[in-house]
Structure formats: structure tokens, C-alpha cells
Amino acid sequence: MNDKVHVLNHPLIQHKLSIMRDKNTGTKEFRELLDEISMLMVYEVTRDLPTEVTEVETPLTLMRTRTLSGIPIGVVPILRAGLGMVNGIMSLVPNAKIGHIGLYRDPDTLQPVEYYCKLPADSEHRLLLVLDPMLATGGSASAAISFLKMRGCNNIKLVNLIAAPEGVERIRKDHPDVDIFVAAMDERLNDHGYILPGLGDAGDRLFGTK
Ligand code: PRP
Ligand code: URA
């Protein structure tokens with residue numbers, strides 16, 4: 001598709017995502033699966049983190065090995081559904097700081113409306129992972145990335161569970177510098193801006209609000 005778009009269709013991810021898509025899967029299991037998939041995805045999302053040589057003394061000898069060179073990471077969920085991806089990511093990068101961007105999609109215009117933004121003070125020096133399970137029209141993610149760029153952040157990766165081609169296209173156009181990581185590329189949007197086949201409303205399924 002494009003070297004900035006990474007579809008992480010590992011068998012474990014496909015299996016867990018299939019269960020999430022099932023309309024009979026309840027809130028508890030949905031939340032646990034999103035946790036697990038997010039953790040699996042972060043393995044690939046962080047594949048290009050820089051490392052440096054360090055010396056370690058094993059019980060047998062001294063060796064030269066590699067550790068992360070300490071590039072600071074920020075995790076930025078888009079409220080509210082992005083919150084469901086935070087724990088899985090944090091379990092592998094526990095020293096990351098967490099920022100929040102509150103956006104909702106106006107149901108009539110499908111345009112994103114910002115209602116909250118609180119970021120770590122040094123965000124502009126961090127690799128920021130923007131989290132949202134659903135990339136539909138791409139309006140919310142594009143707006144979130146624009147807010148971050150306005151605040152001086154330029155090292156950004158977008159992590160989604162399911163994307164529609166329309167959403168990926170939008171991010172590619174608005175933010176060609178941003179790598180997009182998705183667990184699945186779906187077919188298209190319906191007339192209400194929902195991803196088909198998708199999994200329905202991620203926020204409602206995650207928090208049990210419908
Ligand atoms: C959903 C989803 C994304 C957005 C995707 O959020 O979590 O943020 O829609 O749609 P887009 O790509 O067309 O912008 P929603 O607005 O339903 O808010 P919620 O997370 O609070 O439920
Ligand atoms: N937001 C969702 O939660 N689901 C979709 O399919 C599209 C936007």
C-alpha cells in the first residue's frame with residue numbers, strides 16, 4: 001500500500017480482533033482483547049527505537065549488549081475510545097508519559113470537536129504514539145495530529161485497531177510524515193461514517209454505554 005502504512009495482521013491479532021468484532025462479545029471481554037492487541041501492536045510500533053551499546057556482567061563474563069537509548073515516549077489516547085489502548089501500550093513502555101486529547105465526532109457533520117487537551121510538558125521532545133481504535137473518515141486523528149504539531153510535536157506515530165481506506169487516505173494527505181499502524185484495513189465507510197464491516201461504536205462497546 002505505502003511504506004508509511006503498516007498492517008499488523010499477525011495471527012494472534014487477527015484471532016483476537018475477530019472476537020472483538022462479534023456483536024455478542026461483551027464489554028469485559030472487548031476491553032481485555034483491546035488491551036492484549038494493543039500490547040502486541042506496540043512490539044512493531046517500537047521496532048525502530050534507537051539502541052546503544054552497554055556493558056553487562058553476566059554470571060560468567062563481561063559482555064557488550066544493547067539497551068534502549070532512552071528516547072522519551074508519550075502516549076496520547078484520543079478520548080474516549082483511545083483510552084482502551086493505553087494499558088496494553090504502557091505495559092511494554094512503562095516509562096512513557098500520557099497525554100489526553102478529547103475529541104468527539106459531531107454525528108451530523110462528522111467533524112471532530114475538541115473538548116480537552118492536556119499533554120506532558122516536554123511533549124515536543126518525545127516520540128508520541130496517538131491512539132484510537134477506529135480510523136473512519138480520519139477527521140479525528142488528523143485533527144489530533146494537527147493539535148500536536150501546533151504544540152511543536154513532530155515525531156508522531158498513529159496506532160489504530162481498524163482503519164477504513166478513506167481514513168488512511170486522509171492521514172496520508174494531511175500528515176504524510178506520520179507512520180500509521182493498524183491491525184486491520186476494512187472495506188469502506190457506510191452512510192453514517194461507520195466502518196464496514198468494523199466492530200460498531202468502539203467507545204460504546206468499550207465502556208458499555210449503549
Ligand atoms: C470515534 C472513534 C474515533 C472517531 C473516528 O469516536 O473513537 O475517535 O470516532 O471517526 P473519524 O475517523 O471519522 O473521525 P467518537 O466520536 O464516537 O467518540 P467516543 O470515542 O467518545 O465514543
Ligand atoms: N467510530 C466508531 O466507534 N466506529 C466506527 O465504525 C466509526 C467511528
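A pocket here is an open set of grid points, over the protein atoms alone, with protein on both sides within 12 Å along at least five of seven lines. The model is predicted.

**Exercise 1. Describe the largest pocket: its volume, its lining and what sits there.**

Step 1. Start with the volume. The largest pocket holds about 690 Å³.

Step 2. Go to the lining. It has 31 residues, and Arg105, Ser140, Tyr194, Asp201 and Gly203 are the closest to the pocket centre.

Step 3. Map the lining onto elements. Strand 4 (73-79), strand 6, strand 9, helix 4 and helix 6 (202-207) each give two or more residues.

Step 4. Sort the lining by class. There are 16 nonpolar, nine polar and six charged residues.

Step 5. Place the ligands. Ligand 1 sits in this largest pocket. Ligand 2 sits in the largest pocket too.

**Exercise 2. Work out which residues surround ligand 1 and which polar contacts reach its oxygen atoms.**

Step 1. List the shell. Ligand 1 has 14 residues around it, with Arg105, Asp132, Thr137, Gly138 and Ser140 coming nearest.

Step 2. Find the elements. Strand 6 (100-105), strand 9 (134-135) and helix 4 (139-150) each supply at least two shell residues.

Step 3. Check the side chains, using a cut-off of 3.5 Å between N or O atoms. In threonine 137, a side-chain N or O atom is 2.5 Å from an oxygen atom of ligand 1. Serine 140 places a polar side-chain atom 2.5 Å from a ligand 1 oxygen. For arginine 80, the distance from a side-chain N or O atom to an oxygen atom of the ligand is 3.1 Å.

Step 4. Assess the cover. On its own, ligand 1 has 500 Å² of accessible area, and the protein covers 89% of it.

Step 5. Count by class. The shell has six nonpolar, five polar and three charged residues.

**Exercise 3. Do the same for ligand 2, and state which backbone atoms approach it.**

Step 1. List the shell. Arg105, Met134, Ala136, Gly193, Tyr194, Ile195, Gly200, Asp201 and Ala202 lie around ligand 2.

Step 2. Sort it. Five residues are nonpolar, two polar and two charged.

Step 3. Take the ligand oxygens. Isoleucine 195 has a backbone N or O atom 2.8 Å from an oxygen atom of ligand 2. A backbone N or O atom of alanine 202 is also 2.8 Å from a ligand 2 oxygen.

Step 4. Take the ligand nitrogen. A polar backbone atom of glycine 200 lies 2.8 Å from a nitrogen atom of ligand 2.

Step 5. Assess the cover. The protein covers 88% of the 240 Å² that ligand 2 exposes on its own.

**Exercise 4. Characterise the second largest pocket.**

Step 1. Give the volume. It is about 210 Å³.

Step 2. Name the lining. Of 13 residues, Leu68, Ile71, Ile73, Val93 and Asn95 are the closest to the centre.

Step 3. Sort the lining. It has 10 nonpolar residues, three polar and no charged.

**Exercise 5. Locate the unusual backbone geometry: which peptide bonds are cis, and which residue other than glycine has a positive phi?**

Step 1. Recall the norm. Most peptide bonds are trans, and most residues other than glycine have a negative phi.

Step 2. Find the cis bonds. One joins leucine 79 and arginine 80, with omega about 0 degrees. Another joins leucine 196 and proline 197, with omega about -5 degrees.

Step 3. Place them. Arginine 80 is in the loop between strand 4 and helix 3 (86-90). Proline 197 is in the loop between strand 13 (195-196) and helix 6.

Step 4. Find the phi outlier. Leucine 110 has a phi near 65 degrees. Leucine 110 lies in the loop between strand 6 and strand 7 (112-118).

Terms used. Residues are numbered from 1 along each chain as its sequence is written. Chains are lettered from A and ligands numbered from 1 in the order in which they are written. This is a predicted model: local features need pLDDT of at least 70, side-chain atom pairs count only at pLDDT 80 or more; totals for chains, interfaces and linings use all residues. Side-chain values use heavy atoms; hydrogens and water are left out. A residue is near a molecule or strand if one of its heavy atoms lies within 4 Å of it. A polar contact is a pair of N or O atoms within 3.5 Å; within protein, one must be able to donate a hydrogen and the other to accept it, and residues adjacent in sequence count only if both atoms are side-chain atoms. Accessible areas come from the Shrake-Rupley method with a 1.4 Å probe; for residues, only the protein chains shown count as cover. On a 1 Å grid over the protein atoms alone, a cavity is a set of points where a 1.4 Å probe fits but cannot get out, and a pocket is an open set with protein on both sides within 12 Å along at least five of seven lines; lining residues have an atom within 4 Å of a point. A molecule sits in a cavity or pocket if more than half of its atoms lie within 2 Å of its grid points. Ala, Val, Leu, Ile, Met, Phe, Trp, Tyr, Cys and Pro count as nonpolar, Asp, Glu, Lys and Arg as charged, and the others, Gly among them, as polar. Helices (H or I, at least four residues) and strands (E, at least two) are DSSP runs, numbered from the N terminus. Grid points are joined across faces, edges and corners, and a volume is the space filled by probe spheres set on the points.
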